[in-house]
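Dear colleague,

Please find below the structure that I agreed to pass on to you. My notes on its contents follow directly after it.

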Amino acid sequence: MIDNLEHIKSLLNFENTGDFYMLYVFKRKKDQLEGERDNHQSVRTIKSYCIESIEHLERRYDEIKQLCEMFKARAY
């Protein structure tokens, strides 16, 4: 897994109260096992997060990495 946390953090901007980013952990159809591909659309959402600050992202990052490893998914 490629760890892009520092790159991602540099792109986030929380200037105004209530600003947030949606982070989705999903599994692309081409990353799914052969038998699973027929049962799903092009992307299977594993979990979504509403990221409200850099600190919030850092607190959730270990969980996000575990999900990515467990499902061989990608976080965007």
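Leu-12 is in contact with Tyr-21, Ile-54 and Leu-57, if neighbours within four places in sequence are left aside. Please keep in mind that this is a predicted model.

Leu-12 also belongs to the largest nonpolar core, which has 11 residues, including Leu-5, Leu-23, Tyr-49 and Leu-57. Two or more residues of this core come from each of β1, β2 (43–51) and α3 (54–71). Helix α3 gives the largest share, five residues. As background, nonpolar side chains tend to be buried together in soluble globular proteins.

Tyr-21, one of the contacts of Leu-12, leads to the aromatic rings. The count comes to one aromatic pair. The ring centres of Phe-14 and Tyr-21 are 5.3 Å apart and the planes stand at 85°, so this pair is edge-to-face; an angle over 60 degrees is what that term requires. Phe-14 counts as partly exposed because its relative accessibility is 25%, and Tyr-21, at 30%, is likewise partly exposed.

On the surface, Phe-20, Met-22 and Tyr-24 make a nonpolar patch of about 290 Å². Tyr-24 is placed in strand β1 (residues 21–28) and is partly exposed, at 38% relative accessibility.

I turn now to the charged side chains. The structure holds five salt bridges, among them the following three.

- Glu-58 and Lys-9 meet through their side chains at 2.6 Å, N to O. Because Glu-58 lies in helix α3 and Lys-9 in helix α1 (residues 5–11), the pair ties together parts that are 49 residues apart in sequence. Lys-9 counts as buried, at 17% relative accessibility, whereas Glu-58, at 37%, is partly exposed. Both residues are also linked with Glu-6 in a network of salt bridges.
- Lys-47 forms a salt bridge with Glu-63, and their closest N and O atoms are 2.7 Å apart. This pair links distant parts of the chain, with Lys-47 in strand β2 and Glu-63 in helix α3, 16 residues apart. Lys-47 is partly exposed, with a relative accessible area of 33%, and Glu-63 is partly exposed at 25%.
- Asp-62 and Lys-65 meet in a salt bridge at 3.9 Å, N to O. They are three residues apart in helix α3, so about one helical turn separates them. Asp-62 is exposed, with a relative accessible area of 52%, while Lys-65 is partly exposed at 27%.

Yours sincerely,
A colleague

Definitions and conventions. Residues numbered from 1 in each chain as written. Predicted model: local features only at pLDDT ≥ 70, side-chain atom pairs only at ≥ 80, totals over all residues. Heavy atoms only, no water. Patch = residues over 30% accessible without salt bridge, like charges linked within 9 Å, V, L, I, M, F, W, Y side chains within 5 Å. Areas by Shrake-Rupley, 256 points an atom, 1.4 Å probe, with all protein chains shown as cover. Salt bridge = Lys/Arg side-chain N within 4 Å of Asp/Glu carboxyl O. Helix = DSSP H or I, 4+ residues; strand = E, 2+ residues; numbered from the N terminus. Buried < 20%, exposed > 50% of the residue type's maximum accessible area, 1.4 Å probe, protein only. Phe/Tyr/Trp six-rings, centres within 6.5 Å; stacked < 30°, edge-to-face > 60°. Core = buried A, V, L, I, M, F, W, Y, C linked by side-chain atoms within 4.5 Å. Contact = heavy atoms within 4.5 Å.
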